[in-house]
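Reader: Got a minute to go through this one with me? I'd like the overall layout before the details.

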Amino acid sequence: NVSKKGEEGILPYVKMENDQMVELAGIAMFRDERMVGATNPLEIAAYMSIRGLNPGGYRGVIPFKGAAITIYVTHRTSDVRFRIHDGQPEFFIRLRHEANVEEKTNENVHLRNEQILQELERVDSQWSLKLHESLIAHTQQLGADIFGFGEMVRAKNPAYWDRNIRTAERWQRMYKEIKIHVDIKLEIRRVGMKAR
């Protein structure tokens, strides 16, 4: 991706644990050929979500009504669109996640109740929205478009690109200022088994 004008490169960001173990600590983000920052491990899921990479494959623990609920995202879809507004690209990201509830720490939270499940979906969607917006803001601060939004502009509106951007350096500067809107909806498909 380093050779593209509208997308920056990434690599796994690892660290050594106990001189024996290597831990995946996030995603290393590049601008040109220089590493400019890294995500935390949970932001890997946000990156994969925006890119629409499947299977879901990540777990999150959500505080909910005095319990900790473990949710496992099994599938995700991503629809990214843009428009030119006031002379600048503006992006709209629509994410849909399917998830299973794997565990809860409080027996008083009844997940068979449809209203409770809908509230849990809403709470997780809000939490997930903050995670995705935080990752996008971090990449914009660094001027590192790891999602390939610039390549989308280049491919779908080449006349705009050639007239207004033309170079990777200009896109890096513009990327810091563009508006990116995220809409997320989580749907719980299955509730885990109960131990007796």
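**Overall layout**

Author: Sure. Of the 196 residues of the chain, 42% count as buried. Keep in mind that this is a predicted model.

Reader: Fine. How many helices and strands does the chain have?

Author: There are 5 helices and 7 strands. Reading from the N terminus, the elements go β-β-β-α-β-β-β-α-α-α-α-β.

Reader: And what box do the C-alpha atoms fill?

Author: Roughly 65 × 45 × 25 Å, taken along the principal axes. The accessible surface of the chain is about 11,400 Å², and 47% of that belongs to carbon and sulfur atoms.

Reader: What share of the contacts with a separation of 6 or more comes from residues 24 or more positions apart?

Author: That share is 62%.

Reader: OK, on to the sheets. What's the strand order in the open sheet of 3 strands?

Author: The order is 1-2-3, with antiparallel pairing. Strand 1 and strand 3 (34-38) sit at the edges with a single partner strand each, so one side of each has no neighbour in the sheet. From one strand to the next, the twist averages 50°.

Reader: How many bridges join strand 1 to strand 2?

Author: 8 bridges, with the two strands running antiparallel. To pick out one pair, Pro-12 has Ile-27 in strand 2 as its bridge partner. The hairpin of these two strands has 3 residues between them, and Asn-18 takes a positive phi near 55° there.

Reader: And strand 2 to strand 3, how many bridges?

Author: 4 bridges there, again with antiparallel strands. Arg-31 stands opposite Arg-34 in strand 3. Helix 2 packs on this sheet, where it touches strand 2 and strand 3, and its direction makes about 55° with that of strand 2.

Reader: Changing topic: which residues form the nonpolar patch on the surface?

Author: Val-14, Met-16, Val-22 and Leu-24, with about 390 Å² of accessible area together. Strand 1 (10-17) and strand 2 (21-31) each supply at least two residues of the patch.

Reader: Where is Val-14, and why does Val-14 count as partly exposed?

Author: Val-14 is in strand 1. Its relative accessible area is 45%, and since partly exposed covers the range between under 20% (buried) and over 50% (exposed), that value puts Val-14 in the middle class.

Reader: Makes sense. What about the open sheet of 4 strands, what order does that have?

Author: That order is 4-5-6-7, and the pairing is mixed. Strand 4 (58-64) and strand 7 (179-191) are the edge strands, each pairing on one side only. Neighbouring strands of this sheet are turned by 35° against each other on average, direction ignored.

Reader: How do strand 4 and strand 5 run, parallel or antiparallel?

Author: Antiparallel, with 7 bridges joining strand 4 to strand 5 (residues 67-85). Arg-59 stands opposite Tyr-72 in strand 5.

Reader: Last one: which strands does helix 1 lie across, and which does helix 2?

Author: Helix 1 (residues 43-51) lies across strand 4, strand 5 and strand 6 (88-104), at about 45° to strand 5. Helix 2 (residues 114-142) lies across strand 4, strand 5, strand 6 and strand 7, running at about 145° to strand 7. As with the earlier sheet, helix 2 is also the one touching strand 2 and strand 3.

Terms used:
Residues numbered from 1 in each chain as written. Predicted model: local features only at pLDDT ≥ 70, side-chain atom pairs only at ≥ 80, totals over all residues. Heavy atoms only, no water. Pairing = 2+ DSSP bridges. Axes fitted to C-alpha atoms, helices over the stretch in contact; angles between N-to-C directions. Contact = heavy atoms within 4.5 Å. Patch = residues over 30% accessible without salt bridge, like charges linked within 9 Å, V, L, I, M, F, W, Y side chains within 5 Å. Areas by Shrake-Rupley, 256 points an atom, 1.4 Å probe, with all protein chains shown as cover. Salt bridge = Lys/Arg side-chain N within 4 Å of Asp/Glu carboxyl O. Buried < 20%, exposed > 50% of the residue type's maximum accessible area, 1.4 Å probe, protein only.
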